[in-house]
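Student: Hi! Could we go through this one together? I have a few quick questions.

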Amino acid sequence: MKHYLRHFILISFLVTAATAQTQNLTGCWQGLMDGEYMEVNIEQRGNDICGYTYDYELDNPSGHCKANFEGRYIASRNTYFLDGTSFLENSGTHVLMRILLWHDKDDDNNILRGKVYINSTMMSIFGKGGDDLTLKKVSSRPKKTAGKTFPCFPPKIKEPAVKNVPEKKVTPQPVTPKPAQPKPAPVKVKTVVPVKAPAVKKDPVLNADPKPVAPITVTKRPPSQLEKLMTERKQHLQSRVTVDVKEIKLKLYDNGTVDNDTVSIFYNGRLLLSHQRLSEKAIELTIALDESVTQHEITLFAENLGTIPPNTALVVVTAGSKRFELHSKANMEENAVLIFDYKPK
């Protein structure tokens, strides 16, 4: 798996013996992974941990990546789970990764071993496949980065101390009784004769039975100008998968350095979203597939090429229990086309 520039949604499993106590991981950990340098800086507070990771290929140090993470110790599994939360630096084409780490009983507490996976598959949960990783604790203090200092946890807010104030003694004052008030004079009540309201004539228009409203017939709208421009470009098929559910969910990210790539998204030739900027934050949409056809096309139309051509995207697709990670590449002459073949069970 070397030559992948990678960074995290990082999930680490730090496994110890079932009777062992939680290991203090605060510090800087460094190691190698199939031709790559890896560094993990951790701060621990009880069962919670946070920090950042840093990695690069040994034959290309300029292509590096840093990302923040947060995590928590799960006592039932003697396991630490760490999730990446945001990028600090990202040069080159990095993809999201998953890492499994553990402490071998034959090693001292300053050694962690692990596996690294190219995406978040079930293989990483069961520890199958992946690249080998060994980390060594080189310092009990994590390194500073990006102008930030450890601790990475927010500071605890101390509540102000409450001083005991002696109670003041209150001397009761004598109460002077108020003089008796004279009884009010009785009020005479006048008898009011009810007056009949004049009869109101019914308005034949307002009181008429409502007439049924004729249903509105929706005619097929003509294609928009943007849809016409989309059809004028070449259609480049880049992925084809089979799904067995009628509804699919898409999440679109910039596949690489965020450089202001902007796309419009079409389903079967019809515009769904226009001028969407790709970034580390997902563009999310849910599509109900048209059951009258078996082949469904998602087309990505490049509005620009960003600062680093071409226009690239990572498309994460969820279709029932299936999950796909698809990649697209578009330019001002070609659209990126993803095809879904619908075959119900």
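Student: Let's start with the link of Cys-50 and Cys-152: what is its handedness, and how many degrees are there about the S-S bond?
Tutor: Happy to help, and keep in mind that this is a predicted model. The link of Cys-50 and Cys-152 is right-handed, with 95 degrees about the S-S bond.

Student: Which parts does the pair tie together?
Tutor: Cys-50 sits in strand E4 (residues 48-57), while Cys-152 is in the loop between strand E9 (131-139) and helix H2 (225-232), so the disulfide connects parts that are 102 residues apart in sequence. The S to S distance between Cys-50 and Cys-152 is 1.8 Å.

Student: And how many disulfides does a search of the whole structure find?
Tutor: Just one.

Student: Is Cys-152 buried or partly exposed?
Tutor: Cys-152 counts as partly exposed because its relative accessibility is 33%. Its partner Cys-50 counts as buried, at 5%.

Student: What about Cys-28 and Cys-65, then?
Tutor: Cys-28 has 1% relative accessibility, so it counts as buried. Cys-65 is buried too, at 0%.

Student: Switching topic: which residues touch the most other members in the largest nonpolar core?
Tutor: Those are Leu-250, Leu-252 and Phe-340, in a core of 27 residues. Several strands each supply at least two residues of this core, among them E10 (234-243), E11 (247-254) and E18 (334-342).

Student: Is there a second core?
Tutor: Yes, a separate one of 18 residues, including Met-33, Tyr-80, Met-97 and Ile-99.

Student: Back to Phe-340: what is it in contact with, leaving aside neighbours within four places in sequence?
Tutor: Its contacts include Val-241, Val-243, Ile-248, Ile-298, Val-317 and Leu-326. Thr-294, Gln-295 and His-296 are also among them.

Student: Now the open sheet: what is the order of its five strands?
Tutor: The order is E10-E18-E15-E12-E13, and the pairing is mixed.

Student: Which strands stand at the edges?
Tutor: E10 and strand E13 (270-277) do; each has a single partner strand, so one side of each has no neighbour in the sheet. On average, neighbouring strands of this sheet are turned by 20 degrees against each other, direction ignored.

Student: In which sense do E12 and E15 pair, and over how many bridges?
Tutor: They pair in the antiparallel sense, over five bridges.

Student: Which residue in E15 does Tyr-267 stand opposite?
Tutor: That's Ile-298. You've met Ile-298 already, as one of the contacts of Phe-340.

Methods: Residues numbered from 1 in each chain as written. Predicted model: local features only at pLDDT ≥ 70, side-chain atom pairs only at ≥ 80, totals over all residues. Heavy atoms only, no water. Core = buried A, V, L, I, M, F, W, Y, C linked by side-chain atoms within 4.5 Å. Buried < 20%, exposed > 50% of the residue type's maximum accessible area, 1.4 Å probe, protein only. Helix = DSSP H or I, 4+ residues; strand = E, 2+ residues; numbered from the N terminus. Contact = heavy atoms within 4.5 Å. Disulfide = S-S within 2.5 Å. Pairing = 2+ DSSP bridges. Axes fitted to C-alpha atoms, helices over the stretch in contact; angles between N-to-C directions.
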